[in-house]
Amino acid sequence: MTDAPKLIDPFARAITYLRVSVTDRCDFRCVYCMSENMNFLPKAELLTLEELDRMCSAFISQGVRKLRITGGEPLVRRGIMDFFKSISRHLKTGDLEELTLTTNGSQLRRFADQLAAVGVKRINISLDTLDEQKFADITRWGRLAQVLDGIDAALDAGIRVKINTVALKGFNEVELEQLVEWCASRDMDLTFIEVMPMGDIGNEDRLDQYWPLSDLRTRLAKTWTLIDSDEQTGGPARYVRLEETGQKIGFITPLTHNFCESCNRVRLTCTGELYQCLGQEDQVDLRKILRENADDAVLVNAIHAAIAKKPKGHDFDYSRQAVDGQMTRHMSHTGG
Ligand code: SAM
Ligand code: SF4
């Protein structure tokens, strides 16, 4: 491993984690994420796979140790395995510690073995319900059986799986215990996410969907013994361990707790904008800089300049019963 220079922001936080959205497209239309008729970006706007590689490599050269590929649905991007193969060279040199992805699972039967072969050891798979009809309703275009098969393919390939579940009032509340048990039976950890105000999603009302995770935690404690874990990932998740199953349960609560003090991450959109904070509109257009300069030194300088402007935190707030701090961009653009 090389002794890479560090990206340190004005609040003394070392930036070691880059999340990259490789496409804004998806084969699902989850109701909290997209409207049914999405207008996707023209192809020329997207970073090419070669540009994505150059961009990620520049970050890795500056001390980024963990890369999470996301989207939209990263596995629907044409040629994405070529990108994974290429960028995995940084795992071999030790410059990159972890290469991972967040996926809806629909394409994993096809790609799980190849992902394992390039060194992907853990992935996050999003799944909100184990009920076939409810799954069809929430994803609009998804099929539960295909995703369950994808999860099996990942486990068979020796990849550790964490399930991400968006906690939705009146939707998956009734399945809480079942979801926990189902994950435990497959040795999978489970993280619950509070629904966040990202982008216009048509007719859905976010306040109707919002289920505070403090309620969820109280419910869990009725069935299991919760042991608080002090594990910190530099992200918004807090963890408990269930004494009875040994399983790790995470809570991503950007709205009820502030997680910003220890934030170690930045996000690159599929069009090459660098968002220093998920919950703020400030961004830097790195695509322009990359396309105009064959020399990586200019790009590296721009990355340092952007990190020097990372804000202290986000302003999401549901407390006044209106969705304050709402972001105009979709999660699928920035990368969830
Ligand atoms: N398509 C992939 C997937 O679903 O895992 C990766 C991208 S998706 C945007 C990443 C994560 O963001 C998913 O777990 C999804 O449930 C979550 N997500 C999307 N919109 C959200 C919202 N408004 N609030 C909270 N989580 C959201
Ligand atoms: Fe697609 Fe993921 Fe958004 Fe669902 S949450 S629509 S799977 S990008």
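## Surroundings of ligand 2

Ligand 2 is surrounded by Cys26, Phe28, Cys30, Cys33, Gly72 and Asn104, where a residue counts as near a molecule if one of its heavy atoms lies within 4 Å of it. Four residues of this shell are nonpolar, two are polar and none is charged. In this classification Ala, Val, Leu, Ile, Met, Phe, Trp, Tyr, Cys and Pro are nonpolar, Asp, Glu, Lys and Arg are charged, and the others, Gly among them, are polar.

## Basis of the model

The model is predicted: local features need pLDDT of at least 70 and side-chain atom pairs count only at pLDDT 80 or more, while totals for chains, interfaces and linings use all residues. Residues are numbered from 1 along each chain as its sequence is written, chains are lettered from A and ligands numbered from 1 in the order in which they are written, and side-chain values use heavy atoms, with hydrogens and water left out.

## Surroundings of ligand 1

The shell around ligand 1 holds 19 residues, and the closest are Tyr32, Gly72, Ser126, Val166 and Met196. By class, seven are nonpolar, nine polar and three charged. Strand S3 (98-103), strand S5 (160-167) and strand S6 (189-194) each contribute at least two residues to this shell; strands (E, at least two residues) and helices (H or I, at least four) are DSSP runs numbered from the N terminus.

Two nitrogen contacts and one oxygen contact may be described for ligand 1. A polar backbone atom of Tyr32 is 3.2 Å from a nitrogen atom of the ligand, and a polar side-chain atom of Glu73 lies 3.2 Å from a nitrogen atom of ligand 1. A polar backbone atom of Thr103 is 3.2 Å from an oxygen atom of the ligand. Ligand 1 taken alone exposes 540 Å², of which the protein buries 95%; accessible areas come from the Shrake-Rupley method with a 1.4 Å probe.

## The chain as a whole

The chain contains 12 helices and 12 strands. Of its 336 residues, 58% are buried, that is, under 20% relative accessible area (exposed means over 50%, and partly exposed in between; 1.4 Å probe, protein chains only). The chain exposes about 14,500 Å², with carbon and sulfur atoms supplying 49% of it.

Among contacts in the chain with a separation of 6 or more, 74% join residues 24 or more positions apart; a contact means heavy atoms within 4.5 Å.

## Helix H5

In helix H5 (residues 132-139), the residues Lys134, Phe135, Ile138 and Thr139 are buried. Seen down the axis of H5, these buried residues fall within an arc of 115°, so they line one face of the helix; the arc is that of the directions from the helix axis to the C-beta atoms. An α-helix has 3.6 residues a turn, so residues three or four places apart point the same way. Glu132 and Gln133 are exposed on the other side of H5, and helix H6 (144-156) is included in what covers its buried residues.

Asp131 caps the N-terminal end of H5, with a side-chain oxygen 3.0 Å from the backbone nitrogen of Gln133. Arg140, which follows H5, has a positive phi, near 60°.

## Two buried residues

Tyr17 belongs to strand S1 (residues 17-21) and is buried, with a relative accessible area of 3%. Leaving aside neighbours within four places in sequence, Tyr17 is in contact with Val64, Lys66, Arg68, Asn264, Arg265 and Val266.

Ser88 lies in the loop between helix H2 (80-87) and helix H3 (89-93). Ser88 is buried, with a relative accessible area of 1%, and, neighbours within four places in sequence aside, is in contact with Leu99 and Val118.

Key:
A polar contact is a pair of N or O atoms within 3.5 Å; within protein, one must be able to donate a hydrogen and the other to accept it, and residues adjacent in sequence count only if both atoms are side-chain atoms.
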